[in-house]
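Trainee: I am new to this structure. Please walk me through it, one feature at a time.

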There are 2 protein chains.
Amino acid sequence: MAAQKDGLSPNAGVSFSLEEFIPFRIVSLGHAFSRRLADAYDDEGVTIPEWRVLAVIAEHRRIAARDVVARTPMDKMSVSRAVSGLEHKQLVERAPEETDRRVAMLTLTSHGRSIFRRIAKIALDYEARILSELTVSERKALCTSLSKLEVGANNL
Amino acid sequence: MAAQKDGLSPNAGVSFSLEEFIPFRIVSLGHAFSRRLADAYDDEGVTIPEWRVLAVIAEHRRIAARDVVARTPMDKMSVSRAVSGLEHKQLVERAPEETDRRVAMLTLTSHGRSIFRRIAKIALDYEARILSELTVSERKALCTSLSKLEVGANNL
DNA sequence: GAAAATTAGTAACATATGTTACTATTCAGC
DNA sequence: GCTGAATAGTAACATATGTTACTAATTTTC
């Protein structure tokens, strides 16, 4: 199991195992979550980026697209596309801002709110189920570690 | 900060904050890692899926494409494409298996090994830097929590 | 207060990724 | 040992995502 260090080893001098590489494990875990949650989105006819935008608008009630960009890892093009899709499905409304006509404030329609609630319910249930595998102290440790990693990921 | 529970709240009855939703935080963290590590791949002219395949071959010395599929969250088409790319760049060689001519065994060329070592070095350095933000016990707890979540993500 | 720089958002293009269906080969059952 | 199911891998297509460059509105600077 220990890595060979002789010159014949394909990875001579570097002991690297993808399956033990933490960033890879975290990315893979994220994929697994996404795949699982996709069922909930699909059932409601909503894509992943659309769901994210929906959730951010729901949380803030009224928010400009650029502020959605600031609160997610999505770029402004993804947000633009997601908003168009949501508007088409009549889940979101754009209200041009009088004081700055470049920005449009986004709000949910009542249909948008009910879709949001249905997906959020499923998402929270799923989160609760997977977290229930952890002890309370493990859960707390995970949260603080995630916070530290979030900071470090972008600054180190 | 507490969610309103009256009927006027856009998320009445559901207290959901995307930024606090653990699966979302893990996906976002994965994106941040990928973005950071992409610099190392780009410098060597290798894509993310190609790097993953490279790493798995390096670890096993000699492995069939289907077994790469089994060891990563990639589907067989992604692996097929990555292998083609790596073969084109002469980082990987395919050797048709005599006992079953459907499968081709993959090995690294010496050039492939040196590229692998360079990227692995950068990746391990990056991992070490971000993990250095955690205490030893936090690191251990993270590993066990990740293992539990990996199991739960696909089964719950 | 006009010209230059900045910002919000989108269009158009290129690239990447997922999906379906196919070929070639091997395996299983009879 | 022949027929039907299974497997490894890929081609061709559809969809999604990232990138660049643009428009329109606003702010800044002189």
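Trainee: Which residues come nearest to DNA strand D?

Mentor: First, the ground rules. This is a predicted model, where local features need pLDDT of at least 70, side-chain atom pairs count only at pLDDT 80 or more, and totals for chains, interfaces and linings use all residues. Residues are numbered from 1 along each chain as its sequence is written, while chains are lettered from A and ligands numbered from 1 in the order in which they are written.

Mentor: Now the idea. A residue is near a strand if its C-beta atom, placed from the backbone, lies within 6 Å of it. Here 19 residues are around DNA strand D, and R101(A), A65(B), R66(B), S80(B) and R102(B) come nearest.

Trainee: Which elements give two or more residues to that surface?

Mentor: Helices are DSSP runs (H or I, at least four residues), numbered from the N terminus. Chain A offers helix 2 (48-60) and helix 4 (76-88); chain B offers helix 3 (65-71) and helix 4 (76-88). Helix 4 of chain B gives the most, with four residues.

Trainee: How does the surface near DNA strand D divide by class?

Mentor: Ala, Val, Leu, Ile, Met, Phe, Trp, Tyr, Cys and Pro count as nonpolar, Asp, Glu, Lys and Arg as charged, and the others, Gly among them, as polar. This surface has nine nonpolar, three polar and seven charged residues.

Trainee: How many residues of chain B are in contact with chain A?

Mentor: Contact means C-beta atoms, placed from the backbone, within 7 Å. By that rule, 57 residues of chain B meet 57 residues of chain A. Helix 1 of chain B brings the largest share of its side, 14 residues. By class, that side of chain B has 31 nonpolar, ten polar and 16 charged residues.

Trainee: How are the two copies related?

Mentor: Copies are superposed by least squares on the C-alpha atoms of residues with pLDDT of at least 70 in both. A turn of 180° and a shift of 0.0 Å along the axis lay chain B on chain A, with an RMSD of 0.0 Å. The copies are thus related as by a two-fold rotation axis. The same surface serves both: 100% of the contact residues of chain B recur in chain A.

Trainee: At what angle do helix 1 and helix 5 of chain A cross?

Mentor: Axes are lines fitted to C-alpha atoms, for helices over the stretch in contact, and angles run from 0 to 180 degrees between N-to-C directions. These axes come within 9 Å and cross at roughly 160°. The two helices of chain A are therefore roughly antiparallel (over 145 degrees).

Key
Contact = placed C-beta atoms within 7 Å. Parallel < 35°, antiparallel > 145°, perpendicular 65-115°, else oblique.
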